[in-house]
Amino acid sequence: MTAAPADLLIDRPSVADGSALWRIARDSEALDLNSSYSYLLWCRDFAGTSAVARREDGQPIGFVTGYVRPERPHTLLVWQVAVDSAYRGRGLAAALLDGLTARLAAERAITEVETTITPGNTASERLFTSFAARHGATVEREVLFDAGLFPDGPHDPEVLYRIGPLSL
């Protein structure tokens, strides 16, 4: 498991963190940006299946959002992972992902992680394949949403990464 840098705290997000998560996602230049309202709702309704990294002053500087799939109660779907540009390269995304899955394995018996990644997003590909390797899991890939399904203009396909079973 990857540990968070000593000067950072990883915990659950609160509604007050919603605007910071929106800003971090916006500034990532890699994520599909959702409405600010959706980040507020996420921090209220899915705080238990998400994690935020904070500086010593409490300011969020990274996050991972996810939810447990209703029809697969042992599967965490990771929605977004982002780290403020000033804190990248310190292993924070891996620490967030490891910390969240360890917490959910203990609380909800999570044994599998799913996420979607667009082709060419090498940072996310590395994050999730190294996560699988750290946890002794296999990775299966398949196109989940073809580019033609997106109604709002050109969009790359979303490739589903199914990682499991996890050794946590």
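Buried means under 20% relative accessible area, exposed means over 50%, and partly exposed is what lies in between. Keep those cut-offs at hand for the exercises below, which all use a predicted model.

**Exercise 1. Place Ser-124 and decide whether this residue is buried, partly exposed or exposed.**

Solution. Start with the element: Ser-124 lies in helix H4. Next, take the relative accessibility, which is 21% for Ser-124. Because the buried class needs a value under 20% and the exposed class one over 50%, Ser-124 counts as partly exposed. Finally, look across the sequence: Gln-80 is 44 residues away from Ser-124, and their C-alpha atoms are 9.9 Å apart in space.

**Exercise 2. Do the same for Thr-65, then list what Thr-65 is in contact with beyond four places in sequence.**

Solution. Thr-65 belongs to strand S3, which spans residues 60-69. Its relative accessibility is 2%, so Thr-65 counts as buried. With neighbours within four places in sequence set aside, the contacts of Thr-65 on the N-terminal side are Leu-21, Trp-42, Thr-49 and Ser-50, and on the other side Leu-77, Val-78, Trp-79 and Gln-80. You have already met Gln-80 as the partner in the distance to Ser-124.

**Exercise 3. Describe the surroundings of Pro-119.**

Solution. First, find the loop: Pro-119 sits between strand S5 (112-117) and helix H4 (122-134). Second, classify the residue: a relative accessibility of 43% makes Pro-119 partly exposed. Third, collect the contacts outside four places in sequence, which are Glu-125, Asp-156, Pro-157 and Val-159. Fourth, take one of these partners, Asp-156: it is 37 residues from Pro-119 in sequence, yet the C-alpha to C-alpha distance is 7.1 Å.

**Exercise 4. Find two non-glycine residues with positive phi, and a cis peptide bond.**

Solution. Begin with Glu-29, whose phi is positive at about 60 degrees although this residue is not a glycine. Glu-29 is in the loop between helix H1 (18-28) and helix H2 (36-45). The relative accessible area of Glu-29 is 77%, so this residue is exposed.

Now turn to Ala-109, which also has a positive phi, near 60 degrees. Ala-109 occupies the loop between helix H3 (92-108) and S5. With a relative accessible area of 37%, Ala-109 is partly exposed.

For the cis bond, go to Gly-164 and Pro-165: the peptide bond between them is cis, with omega near -10 degrees. Pro-165 is in the segment after strand S7 (158-164).

**Exercise 5. Work out the overall build of the chain.**

Solution. Count the elements: there are four helices and seven strands. Read from the N terminus, their order is β-α-α-β-β-β-α-β-α-β-β. The radius of gyration is 15 Å, close to the 15 Å given by the globule rule for 168 residues, so the chain is as compact as a globular protein of that length. Its C-alpha atoms fill a box of roughly 45 × 40 × 30 Å along the principal axes.

Then look inside: 44% of the 168 residues count as buried. Among contacts with a separation of 6 or more, 66% join residues 24 or more positions apart.

Last, consult the record: an unreviewed UniProt entry annotates residues 8-163 as "domain: N-acetyltransferase". In the model, that span is 33% helix and 31% strand, and its end C-alpha atoms lie 27 Å apart.

Terms used:
Residues numbered from 1 in each chain as written. Predicted model: local features only at pLDDT ≥ 70, side-chain atom pairs only at ≥ 80, totals over all residues. Heavy atoms only, no water. Helix = DSSP H or I, 4+ residues; strand = E, 2+ residues; numbered from the N terminus. Buried < 20%, exposed > 50% of the residue type's maximum accessible area, 1.4 Å probe, protein only. Contact = heavy atoms within 4.5 Å. UniProt positions renumbered as here; feature names shortened; annotations may be inferred. Rg over C-alpha atoms; globule rule 2.2 N^0.38 Å.
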